[in-house]
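I opened this notebook to record what I looked up in one structure. The entries run through small cavities, open pockets, nonpolar cores and cysteines.

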Amino acid sequence: MYNNFQSYLQTTLKEIEEAGLYKNERVIVSPQRAAIKVSTGKDVLNFCANNYLGLSDNQELIDAAKKALDERGFGMSSVRFICGTQDLHKELEQKIAEFFGTEDTILYAACFDANGGVFEPLFTEEDAIISDALNHASIIDGVRLCKAKRYRYSNANMEELEECLKQAQAQRYRVIVTDGVFSMDGNVCPLDQIHALAEKYNAMVMVDESHSAGVVGQTGRGTTELHNLRGKIEIITGTLGKAFGGAIGGFTTGKKEIIAMLRQRSRPYLFSNSIPPMVAAAGCAMFDMMARTNELQDKLHANTEYFVAQMKAAGFDIKPTQSAICAVMLYDAKLSQQMAEKLLDEGIYVVGFYYPVVPKDQARIRVQISAGHEREHLDKAIAAFTKIGKELGVIK
């Protein structure tokens, strides 16, 4: 059987490569930071990491992880309810709840698991899930595992959401699900309007804050802070793998009864190992740091405003953004790959995104700004984009 299947795979892979759309992994041989070294020996500036606060190589977090290695060991070799819970896990869950103004928190190996494990334990065929069309793949997969009635509205379209809510009155319980920041465009969900509609039509709200936590809001507490809704959203999911240190680990935080039910029945939680003690310890140190100072968030916001303004002034087509994501629209998939390669030659590490990661004919280079970037880093990237953009006819 495999001979035939192998031939099919080889043909398909060749077609992807010939179309100029084959994804090659670039190997980094330095810590993840603003300036990195790749395996070719070239030093480049990284503008495509989720390292929004520049904490991936933060010494305070590294020291906390090293201390935990000495005091708590390397791994747990267990799921939480058997013998996989340390005091560090409970401490981190409490700090996450305090950060978001929620009642309780449950940890997962990744936010993909948090989103994959949240719907099935809570909702049945009697209920309704109403989801934004641009929600992350992990939300889509989580919804597929649940038997609830599914509704979908166009990205941030409140008229369509209201119509879905009207139809969903036929179901028992309703939950509106949205990304806080939509990762390919960088736009922030209109959570204030979503919450108002939820109140009007007796629904709950779930927000995935993976790309907004640490970034959006004056102190980086996400879309609930931005829209003055702290403590008013029933379910929030997020990750430690982006702004919060860039390692592994996800979480769901929200109403205490929801979290209690997930501890009892959420399959990724019940059947996956606990996150390593060193990750939990570094996470605790990170939340302590964020409670002390807003310096990194302030720098990130200033960096983003400067970069977006300069790129627009250079003539680039930039998606409206309220986050640290700057989508440079190119529309053509192959062009996005060519431009990314030429930018790498200029010392700027970015990646082109195209279908199926984004809709067809909506290819772009997603630039992600970090508090780890200095002004000279931003200026070098802007100059490189301008040079290559002119060479390829993207700008005049």
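**Entry 1. Cavities**

I began with the second largest cavity, whose lining divides by class into 2 nonpolar, 6 polar and 1 charged residues. The model I am reading is predicted. I noted the lining of this second largest cavity as R33, A34, N46, A49, N51, Q368, S370, G372 and H373. I put its volume down as about 50 Å³.

I then asked how many cavities of 30 Å³ or more there are. The count is 3.

For the largest cavity I recorded about 80 Å³ of space. Its lining is made up of R80, H89, L107, Y108, A109, P268, Y269, S272, N273, S274 and I275. I looked for the elements that supply two or more residues to this lining, and found strand β3 (104–108) and helix α11 (267–270). By class, I entered 6 nonpolar, 4 polar and 1 charged residues for the lining of the largest cavity.

**Entry 2. Pockets**

I turned to the open spaces. The largest pocket holds about 660 Å³. I listed 23 lining residues for this pocket, and K23, N24, Q337, V351 and G352 are the closest to its centre. The elements that contribute two or more residues to the lining are α14 (333–345) and β12 (352–353). Which element gives the most to the lining of the largest pocket? I found that α14 does, with 6 residues. The class tally for this lining is 11 nonpolar, 6 polar and 6 charged residues.

The second largest pocket holds about 490 Å³ of space. I counted 20 residues in its lining, with L134, N135, M184, V357 and V358 the closest to the centre. For this second largest pocket I entered 11 nonpolar, 4 polar and 5 charged lining residues.

**Entry 3. Nonpolar cores**

I next examined the packing of nonpolar residues. The largest nonpolar core has 87 residues, of which F244, V367 and F385 touch the most other members. Helix α12 (residues 277–292) gives the most to this core, with 10 residues.

I followed one of these residues further and asked which residues F244 touches, leaving aside those up to four places away in sequence. I recorded contacts with F99, F100, A213, G214, T239, F251, M286, F287 and M290.

I also noted a second, separate core of 21 residues, which includes I106, I259, L262 and Y269. Y269 also appears in the lining of the largest cavity.

**Entry 4. Cysteines**

I searched the whole structure for disulfides and found 0. A disulfide is a covalent bond between the sulfur atoms of two cysteines. I therefore checked sulfur distances against the cut-off of 2.5 Å.

Why does C189 form no such bond? The closest cysteine sulfur to that of C189 belongs to C111 and lies 14 Å away, so the pair is too far apart for a bond. I made the same check on C326. Its sulfur is 13 Å from the closest cysteine sulfur, in C48, and this is also too far for a bond.

Are C189 and C326 buried or exposed? I entered C189 as buried, because its relative accessibility is 1%, under the 20% limit. C326 is likewise buried, at 1% relative accessibility.

Notes: Residues are numbered from 1 along each chain as its sequence is written. This is a predicted model: local features need pLDDT of at least 70, side-chain atom pairs count only at pLDDT 80 or more; totals for chains, interfaces and linings use all residues. Side-chain values use heavy atoms; hydrogens and water are left out. Buried means under 20% relative accessible area, exposed over 50%, partly exposed in between (1.4 Å probe, protein chains only). On a 1 Å grid over the protein atoms alone, a cavity is a set of points where a 1.4 Å probe fits but cannot get out, and a pocket is an open set with protein on both sides within 12 Å along at least five of seven lines; lining residues have an atom within 4 Å of a point. Grid points are joined across faces, edges and corners, and a volume is the space filled by probe spheres set on the points. Helices (H or I, at least four residues) and strands (E, at least two) are DSSP runs, numbered from the N terminus. Ala, Val, Leu, Ile, Met, Phe, Trp, Tyr, Cys and Pro count as nonpolar, Asp, Glu, Lys and Arg as charged, and the others, Gly among them, as polar. A nonpolar core is a set of buried Ala, Val, Leu, Ile, Met, Phe, Trp, Tyr and Cys residues joined through side-chain atoms within 4.5 Å. Contact means heavy atoms within 4.5 Å.
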